Amino acid sequence: MLWNAVTAHRAQLGEGPFWDVPTQALYWVNIAGKQALRLMGGQLRIWQLPEHVSAFIPCERGDALVTLSSGVYRLDLATEALTLLCVADPQPGNRGNEARCDAQGRLWLGTMQNNIGEEGEDLPITRRSGGLFRIDADARVTPLLQGLGIPNTLLWNEEGSQVHFGDSLDGTLYQYSIHADGQLAPPRVWFGPHTRGGPDGSAMDAEGFIWNARWDGSCLLRLTPAGEVDRIIELPVSRPTSCVFGGPNLTTLFITSAASPLAHPLDGAVLAIDVDVPGKPCHRFAG
C-alpha cells in the first residue's frame, strides 16, 4: 500500500486527526508540543498554545474547539484568542485525551491522568482518574464514565445507539449501548488485547469496519463489525496514534503518529494512504 507524509512536520505526539469536508482541510494536534495544526489548500498553519492540547475541532460558527489541560476552549482562528467554553473534568492533574463529535455535533471528551511533563517528557500513570464527558452546543456537561486509564477511540454506529470506546491501559476496545436518556449501559468487550501493539485512535468506514491505530505495533488493524481482524495495514512508523478518512471522496486515510525510541525517520509524521472503501465523515461541533 502506497503512503506519503503530508508535510515535513514531525510531532512528538501527533494525535486527533479531523477532516473537515466543507473546507477540505485536515486538523490535528501535537499534544506534547502544545500545537494545533491545519493543512488546507497545501498550506500548513500552526497555532502555538499555552497548554498541552489533545484535539482541534472546527465549529459550525467558524471558530474551533481546542481541548487544553485546563478546559475546553474556543479558538479564534484569525486572532488566536482563546475563550473558555467549559471545564468538563474538574479533577486536578487530569488532561484531555480522546475527543470526537457525534452526529448531533456534541463533543465527547475522554480525560486521563496527565502523563506529559512541561518539556514534553513522559510521566508515569499511577491512577485511573480519567472520565468520559459529553459537551452539548450550549456548553452543558454530562459525565458518562469514570475511573478510566487512557481513553482512546470514539466512534458511533449509524443509528447513534452504540459507541465504541477504548481504554489503552486495558488494551481493549469496548462497545456501549446508549440509553434513551443519553447515559451508557455497562460495556461489553468488543476487541481485546492483540499481539500488534495497543489500541489507540480509530476511524470507521462506510461498511462499519473500524480501522484502529496500534501504538508500538507499526500498523493499523481493520476490524469487522463483529470485532474480528479483517486485515493488517503495515506502516512505516513505530507508533501510529489515530486515523481519519478524508480527501474529496473520503478514500484517503490520514494517520497521525508519535516519536519513539526507535527514531524511525517518519515517526511523528502524518501519513496519507489511499484505500479501497470510503470512510464516514467527521462532524463539527454544533456550537
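This report describes the annotated region, the internal cavities and the cysteines of a predicted model.

## The annotated region

In an unreviewed entry, UniProt lists residues 13-258 as a domain under the name "SMP-30/Gluconolactonase/LRE-like region". Over residues 13-258 the chain is 55% strand and 0% helix, and the C-alpha atoms at the two ends of this stretch are 4 Å apart.

## The largest cavity

Rolling a probe the size of a water molecule over the atoms shows where empty space is left. In this model the count comes to three cavities of 30 Å³ or more, and the largest cavity holds about 90 Å³ of space. Its lining is made up of 14 residues, and those that lie nearest the centre of the cavity are Leu68, Ser69, Gly71, Asp89 and Thr111.

Which elements give two or more residues to the lining of the largest cavity? They are strand 7 (64-68), strand 8 (71-75), strand 10 (94-101) and strand 11 (107-113), and strand 10 gives the most, with three residues. Sorted by class, the lining of the largest cavity has seven polar, five nonpolar and two charged residues.

## The second largest cavity

The second largest cavity contains about 70 Å³ of space, and the residues that line it include Glu15 and Gly16, Ser54 and Ala55, the run of Asn97, Glu98, Ala99 and Arg100, and also Asn152 and Ser242. Two or more of the lining residues come from each of strand 2 (14-20), strand 6 (53-58) and strand 10.

Strand 10 also has a prominent place here, since the largest share of the lining of the second largest cavity, four residues, comes from strand 10. By class, this lining has five polar, three charged and two nonpolar residues.

## The cysteines

A disulfide is a covalent bond between the sulfur atoms of two cysteines. The structure holds zero disulfides, and Cys59, which is in no disulfide, has the sulfur of Cys101 as its nearest cysteine sulfur, 7.7 Å away. Cys59 is buried, with a relative accessible area of 1%.

Why is the sulfur of Cys282 not bonded to the closest cysteine sulfur, in Cys101? The two sulfur atoms are 9.1 Å apart, which is too far for a bond, because a disulfide is counted here when a pair of cysteine sulfur atoms lies within 2.5 Å. Cys282 is also buried, with a relative accessible area of 18%, a value that falls under the 20% cut-off for buried residues.

Technical notes. Residues are numbered from 1 along each chain as its sequence is written. This is a predicted model: local features need pLDDT of at least 70, side-chain atom pairs count only at pLDDT 80 or more; totals for chains, interfaces and linings use all residues. Side-chain values use heavy atoms; hydrogens and water are left out. UniProt positions are given in the numbering used here, feature names are shortened, and annotations may be inferred rather than shown by experiment. On a 1 Å grid over the protein atoms alone, a cavity is a set of points where a 1.4 Å probe fits but cannot get out, and a pocket is an open set with protein on both sides within 12 Å along at least five of seven lines; lining residues have an atom within 4 Å of a point. Grid points are joined across faces, edges and corners, and a volume is the space filled by probe spheres set on the points. Ala, Val, Leu, Ile, Met, Phe, Trp, Tyr, Cys and Pro count as nonpolar, Asp, Glu, Lys and Arg as charged, and the others, Gly among them, as polar. Buried means under 20% relative accessible area, exposed over 50%, partly exposed in between (1.4 Å probe, protein chains only).
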